[in-house]
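The exercises below are meant to be worked with the sequence and the coordinates side by side. Try each task before reading the solution that follows.

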Amino acid sequence: MKIAVLPGDGIGPEIVAQAVRVLNALGQKFDLEEAPVGGAAYDVAGHPLPPATLELAKKADAILFGAVGDWKYDALARELRPEQAILGLRKHLELFANFRPAICYPELTAASSLKPEIIGGLDILIVRELNGDIYFGQPRGIRTSELPLFKGAREGFDTMHYSEPEVERIGRVAFEAARKRGKKVCSVDKANVLETSQLWREVMIRISQEYPDVELSHMYVDNAAMQLVKAPKAFDVVVTGNLFGDILSDEAAMLTGSIGMLPSASLDKNNKGLYEPSHGSAPDIAGKGIANPLATILSAAMMLRYSLGMPAEADRIEKAVQKVLAQGLRTADIYTEGTQKVSTVQMGDAVVAALS
Ligand code: NAD
């Protein structure tokens, strides 16, 4: 099985190195091939997603991705900025379904800013549509306003749209995922204001009839943002569009206390996927050896489960992570008094040791 390894920038290479060590310690044969992406690729090839990196990603069975971005690339033209590599990979590989589990491990309840009784035992899944919505809608741009009140002023504009097949395919992904979990889907939209959301809701109701064993509910996005902090455990699977999902998945990530713990998967229609931690390249701590590698290690576990058909190996990794947390090992971002602070590499060592 071929895995494209794209470490990227900032802490990307440090955390991906630990995930690769864990994969290699499973005793299975993986064909791992590395390529530069993001700012690192711009430095060597003049583009954040060079053709050779894209080619490798296309022919691989799965992609293990670190993170991209650094302040030193902020002055580049938009199409050359590191973050364009992710958008390019999503587009070229048609990765339309983003899975972001937000799990609060019992040992880390204290790291959350919410009360233990609200957050303890949290296990929810945000399913975000990734290829459509206002992020890709045309027309878009900056023009001269024709509005009577603001005539002649500059105005920015974007277009939100979703077609029925786009909603259907992300809806089915969410219902299938719910079937393997708590059998509840909450579809988040803004149907009281947006036509796009009205269609979204109609389609969700229609396809829900194919899943009589799964309970469908609907929530407006503003209420969902509130309920996520008020009663997050009431959710099982949340399905939503690209814009709302971008915001809600980050909110859900922070419920658990550390973004350094949260994996993610972006899948195409055949379950080929790109696996990456939910956080960015953290340039503020890059090179210090203190980044938490667990989100990337858990992303590798998701890769084994969703794209490579190796659920037993995925379980082994997840259990090893729980074991090191139970042993009291913590990187700086999840450290609390009474636990043992470890470096990125020491955390990798501990997970590898816990695998056996
Ligand atoms: P960030 O997620 O990189 O960092 C936010 C904060 O969380 C920082 O204080 C950082 O030190 C901390 N943090 C993040 N990951 C951590 C880890 N594994 N262990 C310990 N602490 C961790 O977000 P940001 O600072 O807004 O963005 C930095 C760069 O990352 C920007 O260039 C941004 O565009 C990019 N970015 C990339 C991705 C991606 O590659 N998918 C996602 C988000 C942001």
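**Exercise 1: Salt bridges**

By the distance rule applied here, the count comes to 20 salt bridges in this predicted model. Task: determine which residue forms a salt bridge with Asp31, and where the two partners sit in the chain.

Solution. Begin with the principle that side chains of opposite charge can pair when their charged atoms come close. The rule asks for a side-chain nitrogen of Lys or Arg within 4 Å of a carboxyl oxygen of Asp or Glu. Next, look for the partner: Asp31 is paired with Lys2, and their closest N and O atoms are 3.1 Å apart. Finally, place both residues: Asp31 belongs to strand β2 (residues 31-34) and Lys2 to strand β1 (residues 2-8), so that, with their positions 29 residues apart, the pair links distant parts of the chain.

**Exercise 2: The two domains**

Task: describe the interface of domain 1 and domain 2, starting from the domain bounds and ending with the classes of the residues on the side of domain 1.

Solution. First, take the bounds from the domain assignment, which gives domain 1 as 1-96 + 268-356 and domain 2 as 106-261. Second, consider the separation and the contacts: the C-alpha centres of the two domains lie 24 Å apart, and 18 residues of domain 1 are in contact with 15 residues of domain 2. Third, turn to the area, which is about 1600 Å² buried between the domains, with 63% of it on carbon and sulfur atoms. Of the area that domain 1 buries against domain 2, Arg90, Phe96 and Ile334 supply 38%, more than any other three residues. Fourth, examine the polar side of the interface, where the count of salt bridges between the domains is zero, whereas five residue pairs are in polar contact across it. On the side of domain 1 that touches domain 2, α10 (294-306) and α11 (311-326) each supply at least two residues, and by class this side has eight nonpolar, five polar and five charged residues.

**Exercise 3: The ligand**

Task: find how many residues surround the ligand, and identify which backbone atoms lie at 2.7 Å, 2.8 Å and 2.9 Å from its atoms.

Solution. The surrounding residues number 20, and the closest are Val68, Glu83, Gly280, Ala282 and Asp284. Going through the distances in turn, a polar backbone atom of Gly280 is 2.7 Å from an oxygen atom of the ligand, and a backbone N or O atom of Ala282 lies 2.8 Å from an oxygen atom of the ligand. For Asn292, a backbone N or O atom lies 2.9 Å from a nitrogen atom of the ligand.

**Exercise 4: Backbone geometry**

Task: locate the cis peptide bond that involves Pro139, and state where Glu94, with its positive phi, is placed.

Solution. The cis bond joins Gln138 and Pro139, with omega at about 0 degrees, and Pro139 lies in the loop between β5 (123-129) and β6 (141-144). Glu94, although it is not a glycine, has a positive phi of about 50 degrees, and its place is in the loop between α4 (84-92) and β4 (97-103).

Note on methods: Residues numbered from 1 in each chain as written. Predicted model: local features only at pLDDT ≥ 70, side-chain atom pairs only at ≥ 80, totals over all residues. Heavy atoms only, no water. Domains from an automatic or database assignment. Contact = heavy atoms within 4.5 Å. Buried area = accessible area lost by both parts, 1.4 Å probe. Polar contact = N/O pair within 3.5 Å; in protein donor to acceptor, adjacent residues only side chain to side chain. Helix = DSSP H or I, 4+ residues; strand = E, 2+ residues; numbered from the N terminus. Nonpolar A, V, L, I, M, F, W, Y, C, P; charged D, E, K, R; others polar. Near = heavy atom within 4 Å.
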